[in-house]
Each structure stands twice: as structure tokens, then as C-alpha cells.
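Here are a few exercises to try with the model open in your viewer. Have a go at each one before you read its solution.

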Amino acid sequence: MHTKTIEQLIQGLRAKEYSSVELTQHFLDRIAKHDPAINTVITLTAEQALQEAAAADKIIGSKDAPNLTGIPILHKDIFCTQGVKTSCASKMLDNFIAPYDATVVSKLRNAGTISMGKLNMDEFAMGASNETSFYGASKNPWDLECVPGGSSGGSAAAMAARLAAGSTGTDTGGSTRQPAAFCGITGLKPTYGLVSRWGMIAYASSLDQGGPMAISSECCAHLLQAMAGFDPKDSTSVQHEIPDYLADIKRPIKGLKIGLPKEFFTEKLDTNIAKVIDTAIKELEKLGAVIKEVSLPNIHLAIPTYYIIAPAECSSNLSRFDGVRYGYRCDDAKDLVDFYERTRSEGFGTEVKRRILIGTYVLSSTSFESYYRKAQKVRKLIANEYLNAFKEVDIIASPTAPEVAFKLGAKNTNPVDMYLRDIYTSSVNLAGIPAVSIPAGFVNNLPVGLQLIGNFFAESTILNAAHQYQLVTDWHQQVPTAFV
Amino acid sequence: MEWETVIGLEVHAQLNTKAKLFSGSATTYGAAPNTQACAVDLGLPGVLPVLNKEAVNLAIKFGLAVGADIQEKSAFDRKNYFYPDLPKGYQISQFFFPILRGGSIDIELEEGQSKTINITRAHLEEDAGKSVHDQFVKNTGIDLNRAGVPLLEIVSEPDMRSSAEAVAYLKALHALVKYIDICNGNMQEGSFRCDANVSVRPKGQKEFGTRAEIKNVNSFKFVEKAIEYEVARQIALIESGGTVVQETRLFDAQKGDTRSMRAKEEANDYRYFHDPDLPPLKVDIAMINTIKDNMPELPAAKLTRFMQEYELTDYEGKILTASKAMAEFYEQAVAATDKKYKLTANWIIGELSAALNKEAMEIEDAPLTAKQLGALMHRIEDNTVSNKLAKTVFEEMWATGKEPDQIIDEKGLRQVTDTAAIEKIIDQVFADNPNQLEQYRAGKDKLFGFFVGQVMKASQGKANPDQVNELLKKKL
């Protein structure tokens, strides 16, 4: 059951080949058996899940049953879940039980899914390796000595290990796509404003976007269908008609124009990765896509721009974690300053503190103009370059990451080196456009991701290309040997 | 050396909305601590602000009232600092692009002069919560009922040159926000608060001196006292060879002095930046026009109308339009009479104002209603009571809140207008004072007043004075 797509599971449940309780129990058994090796689940809500599954079984097959009724999923622990610990993988929120549901959580519940628990991640979504989690790093199922990527590393690893039918992630600079690439699964970062941020703990508000992570783009389309939509509780949520993603992805892609930014395909690109991407592009060409070179001249500025804007917003967003109303609080504070200093020094991990410091610096009155203001200008420039490129092509393709999953601890001493890994992903967040990462092959027995970037609200277009590709390839069906 | 004072005021007016600026929580004053604070106000992880459009409407209303340039596009920024009653660790305000720029308010000075005080800008922002330091042993309580309540911060130009001008401006602004009903103006509850920027410079010098910002001057009297103390402090400091430093000072109402809170170097770096949770605020002409069409009458227009419609002098008009409540009181009172505009005006400016002043009361708190005062005016008008006895009725109304007719009846104050009854009293007075009568008839005209007095006295003041005069003349 665990290797089936969401579409297959929906059919199986409707045909009563198995019940939702059986399906849920099956995944819970897999979590019990396999998760100790990969450390993806922070909080398991087995009891609640089985109750919900039993309720789902009563309506499956009836016309009142929503599309995803009885499908067990897992949520990144950045989404608030009412009555369930929502930690953001931080000591700061280790004791925090959310009193409300994130819109993504309630929408997926309303669509019929069963939540089995909460997934590991980089602390407050800051990191690209999952190593910043207060609960210890998740491991890559393809190689337990390797990182699963981040920040949605728990989501990606859980999907690669087939611990649930789908999962949620969030993406601020590549946090759904890069772990998807590292773990050989499919991860989507939707257009900014398509998926509500209400109840999704903010890292960098102007960049954060929740998205689905699963074994195929068709699964992602199923999840996105439930997650997307205007939310009056999120002022940055966009009123946009939600297409029928499931129908749209079935279209042939003959004539689809795919752009390859020359800045992404230089001699600096690892030759093995380049080979995999090249093969994938050829596959798309076989399906009728037309390949064209495009240019994003200022794309090299994306990383410095990202690492000004994201920390700036994070330094402000994380100010609320002060120990006054909820969360971690230090013992025996001498005075107010001591209270703040120790609560925040003890409650946050190193990477989070590093970004808060960077952000505080770039927003300070003496640096604001030269850093933050300038970064905002470059951000606009980069967004415009994408829009210009989309006048010529429908999709832009690139590797998702410049390398495959690296060893745990390999980059702990060099954060900047870690930041540079966002080269293909962070510009997409700066522009606010959607992108999906799909498995496209292996290098050294580790998965390689192909990134397909679309124009605003072109989720159908990129998922369509991804789905058509997955119909003729089986990279997404590969399961790491230990998790078959 | 002669010194000149330069003052600019920053006023925080709490906008009269039912819900908070960015959440649905109620804004009612005085609720039990933290009963009007939702997840957004508490700054829980994952919550997001949604702008309350009504607050925007009220800000536009103010903009129209002061002739400000209402910005088609403004934006919200975060002001970052740590304080336990600031739940998010930042306040949402409008730093870079305020909704209103410019505008002005005319103030009245002594000797009938007026002066225009310019407004630099006004912007929307959320209030912080409240720290309670005196109710818990070794702990501070945090009440977040006020957190997120909408404020309009109105920043004046440094146009005022004395504490009297500053108070006049503050009063005019206070009256205006109540006039247009965007703020209840309650200073005790903190709905209308003021910080003063004060500096001095040698008279004739163009450049401004170094200013101190005085916080917490939350009554008209305190503004006056704080400014006067601060001006004297700065002058004494400079004259003794010192220099004024730019700093924030706190006014101590008990001691009547100001003391340093923090110097410029210690000031927070607020790290202002655009709030990514809120899209730019757009105001279109249709919105402005809708509000314009529903604007209440402004003080200047009301004054003109009062002078024309009620035939009042400029002096009377200004007093009666000084506040919306005063103007409403007058119009309601007048409506209960048969066009006794002057009489009613005189009574409000005279008796009523005196009584209010004596008790340090605002007209809103007067123990008698406008309708009741109008009813009393009507009784003067139809000769039921004399103007003099009406004062007795008024005092009783003030003390008991009873209707004037009830008081007149209970106290038997009804005026005697029956000619026969008055003649009977006159006859009695003549009989009791034969000597004076003789002298008068012998040509001592001055005694006429004596007879009037005697008749009024004998009638316990109830005889109609005009009739008494007339009948006396006839009989003498």
C-alpha cells in the first residue's frame, strides 16, 4: 500500500480493497519500524489518526466524502495543529501546544486527509540539511549518513521512506525543493499567495510558502488542490481561481517551451549532475517540449539578496519568542534584560541566532540603506528578469541543487558554503513564482532533482510537465532498499 | 537674553472602532485583563494581521477635517523593540508612508487672535498592551486588552511658541476628533494622549535649539505645566553655561517636573521596515467621496451657521461651538423654546458654564439635560417664572435633575401675572407705607424703585416685574 500514489489509494479505498484504518495502521507500523533510523517524526498522533480513519471509513464511497477521505498524511511541524505540539523543531516551542489549526491543516482535514503527526525540520525552517533541529537531524533514507536536505527534510525523508501518502512542507529559499531533490521525491513551492500562511510559523514572511511533498507530481496536484485558495485571514493571500490541477496535468506537453538559463548551466555545474539534467531535458523534448536558452543576468545576486531579506524578516518575526506568553522561559531571571537574553540565548539554536543577528544588523539604521533597501531593489530586478524570460518560454528548467545529498556534519563549520547551495532555488522565492522539484536520476546512488519553474500561478503548467515526465520515467518510483 | 520657545506635539488618538486594528477583538475599555485579546493580539506563532477598514475610514475622516493630503498609497511598517507588553516584539505602524500628510488646525489665542498650526503627518498604528507592576508580588502582570487597539498618531509642525499655544492646539484637536466622532477623547482612559517636543532658542535665531521629547503629558494642565517646567529648565541650563541634550524625558505629574528617561545614544534602533504581512494600503477617490458625503459639520462651518441661524455674536458662537457636545446641548435646548436663541445662549454661557466650572465638569456630565434647560427657557418665555426665580429653579434642577415644571409647582415659584392680584398687593404696600406714598406724590420720583422692591418682596419675587412697573405707574 505504501508505494501507491494518492490516486491509487483513493481508488483502493473506494473499492474497499482496504479500509482507511488498515491503511493508516499500515503507515503507523511503517513509522514504528522505520522512523528510528531516519528520525522524521517529532510528534505522532496515532490514536487520533486511527479515530479519524475509522470515521473516514464510514463515509468512504458516499457522495458526501471529500476527495482525499481516509488518506493518511504528515505535517511539517511548522504548521499549527490545534491541541497538538507545534515545535518548529525548536527548544523555544518544545512545550507549545497550538490552540488553533493552520489554514493548510484545516483545509487538508476538510478534504478528508488523516493527520498522523508532525515532521522534523530545520529549526524555524532555517537550514538546508535538517541538522539545526532541536530533535536531532533527520537522515536521508538513501544513505543514513547523509542529510535529507532542508528545511523540510523530515517531510522529504518520510516520503522517500514511504511513511505516509503525502506530506506538507514550506519553502522560503528552496525548503521543499532541495530536500525533495536530496530524497528523490516530488516537492512543490507554489506561487506566493496561493497557499495561506495563516498558522504557518513565519520565518521570512515575504518568501514563505507552504506546499505539498509526495512521491509524484500527481500526488502533489491532489494535495495542492486541497491546500490552495484565498484565505481572508492572510492579507497576502491572493484571490485567484483555483484550476483543476488533476485535469490540467493530464494534457500532452507538445509544444511546451522550456527555457534553460545559461547562467545555470555553466562549466561550474557538476558534470554528473549536468548529465542527469541533460538526460531529463531530452526526455521532455521527446514528449514534444521545445528547448530554448534564456538569460537571467542578475541571478548571481539572488543568494546575497536572499540572505539579507530572509534574516531581516526573521529577526523581526522571531521577536515574539520572548518567554513572556508561551514557549521556553529561562529560570531565575535577574531582571528584564537578563530574562530576554537568557530565554532567547537558551531557547534558540545557533543557526537561528546567526540569522537573527544578521537580520538585526541589516535592518539597523546604519545598514538599512546599503543592505536591506538595496536588496529589495535587486529582488525586483530578479523578479523582472524571470518575467521577461517567461515572455519567451512557458517553463524554466534547472537542477534543483548543485550537488546530491552531502554527509551529515560536512558543512557545519561553514555556513556560507551551505547558503551557496540555494543557488537554483532562492531566486524563485524572491520572484514569488512557483517551482517543482522532481527526481530525475542518481549520482553516486543518491537522487538528483530537476527543477521546473513556472510563471505566477502556473502550477498547472509545471505539474503538467512533471507529471508527463513521470509517466514515462520511473525515478520517482524508486524506493531506498532498506525501506521497500 | 530673550528666549523663544518652540513646541511640536505628537498626539495619539484612539480611533472609535469596535474591533482592533488588525484583529477582531473588542476594544471596550475596562474589561477584565486579557479578556479582549485573541491569538493575533497575543502574538501566537503563525498568526497574521488583517487590517480593519473602519480605522482607515476614520483616518480619512480626520484627513478631510484638517485638509490633509490623503495618500492614495500608504504602507505599514514594523517598529521593532522588546517589551513584555508588546507581544510580537514589534509594533505595526506607518513609518515610511503615512496615510495622511499635511493639513492644519486654527487655534484661538487671547485677545481674539488666531494662528494656524500645521500638521506634518498622521498615521495609523496599533497600541501596545499594559504592564501592571503593583498588583503582584515580585511579578509584573501583562494585560493585552489594549494591544492592537487602533491609534491615529497626529504629528504637528514645531509651530507653537508658548505653552498656551500648545494647550490651545491640543484643545482644538481634542474638540475636532470628538466633533468628527473618530475618538472619544477620554484622556483619563488614555484615548487621547500627548507627547511634547520642546526646545528654546534666542529670540530672532532661525535655527531650532536641541529638543527634548516629553512623554506622558496626558491632560491639558499637564501639558502646560510640563512645557513650562521644561522651558525654564532648558533656559536655566543654557544660561548657566550648559547645553541641552536630545533626550526623552518623562513628566512627573506629582512633582510637576520632567526627568530624563533615555538619551539619544541610548535610544532604541527600531529597525523600521515594511511589514511583509500587509500589502500596501490603497485609498481611492470613491472611498474619500463616500466619507466626504457623510462628514459631520465641522467647527468653523458650525460657527458660521450658529451666527446666522441663531443670530449669535462671534463670542457667543465660539463658546457654543467649542465642542460638539456643547453645540448639541445648545441646539437641543433652543429647540425646546420658541426661538429664544439669545436667552438660551446667555443661560448656557452664564449659569450653566459657571455651574460646570465650579464642579470641574464637562457638559456631557451635566446633571440636567438640554431639553430640561430648554423647558426652563420656555417657562421664562411664557412668563411662568421670572428670570430671577428661574435661577432658583436652575439650581434645583442641577441638584436634583427634576423637571423645571415640577420644581416650579413644588416650590410655588409660578409668576403672578393676574392684574387684580398684583393690584391687591400694591394696595397693601401703599397701606403699609403711607409716608413714602405721600413723599412720592409730593414729587420724590426716586421712591418709585422703593415701591417696586416692596411689591416684589411682598409677592416673594413672584409678581411679573413688567406688570408691577406698569400698574405702579398707573396707581401712583
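Three exercises follow, each with its solution.

This is a predicted model, where local features need pLDDT of at least 70, side-chain atom pairs count only at pLDDT 80 or more, and totals for chains, interfaces and linings use all residues. Residues are numbered from 1 along each chain as its sequence is written, and chains are lettered from A and ligands numbered from 1 in the order in which they are written.

**Exercise 1.** Work out how α2(A) and α3(A) pack.

Step 1: take helices α2 (residues 20-38) and α3 (residues 46-59) of chain A (helices are DSSP runs of H or I, at least four residues, numbered from the N terminus). Their axes come within 8 Å and cross at roughly 155 degrees.

Step 2: that makes α2(A) roughly antiparallel to α3(A) (angles over 145 degrees count as such).

Step 3: look at the contact (C-beta atoms, placed from the backbone, within 7 Å). α2(A) brings residues including A:Val21 and A:Leu28, while A:Leu50 and A:Asp57 are among those from α3(A).

**Exercise 2.** Find the strand order of the open sheet in chain B.

Step 1: the 3 strands run β5-β4-β16, with antiparallel pairing (strands are DSSP runs of E, at least two residues, and two pair if DSSP finds at least two bridges between them).

Step 2: β5 (90-93) and β16 (273-274) of chain B are at the edges with a single partner strand each, so one side of each has no neighbour in the sheet.

Step 3: β4 (residues 77-80) of chain B meets β16(B) over 2 bridges, and B:Arg78 has B:Phe273 as its bridge partner there.

**Exercise 3.** How many residues does each chain give to the contact?

Step 1: chain A gives 35 residues and chain B gives 25 residues.

Step 2: on the chain A side, the largest share, 3 residues, comes from α10(A).

Methods: Two residues are in contact if their C-beta atoms, placed from the backbone, lie within 7 Å. Axes are lines fitted to C-alpha atoms, for helices over the stretch in contact, and angles run from 0 to 180 degrees between N-to-C directions. Angles under 35 degrees count as roughly parallel, over 145 as roughly antiparallel, 65 to 115 as roughly perpendicular and the rest as oblique.
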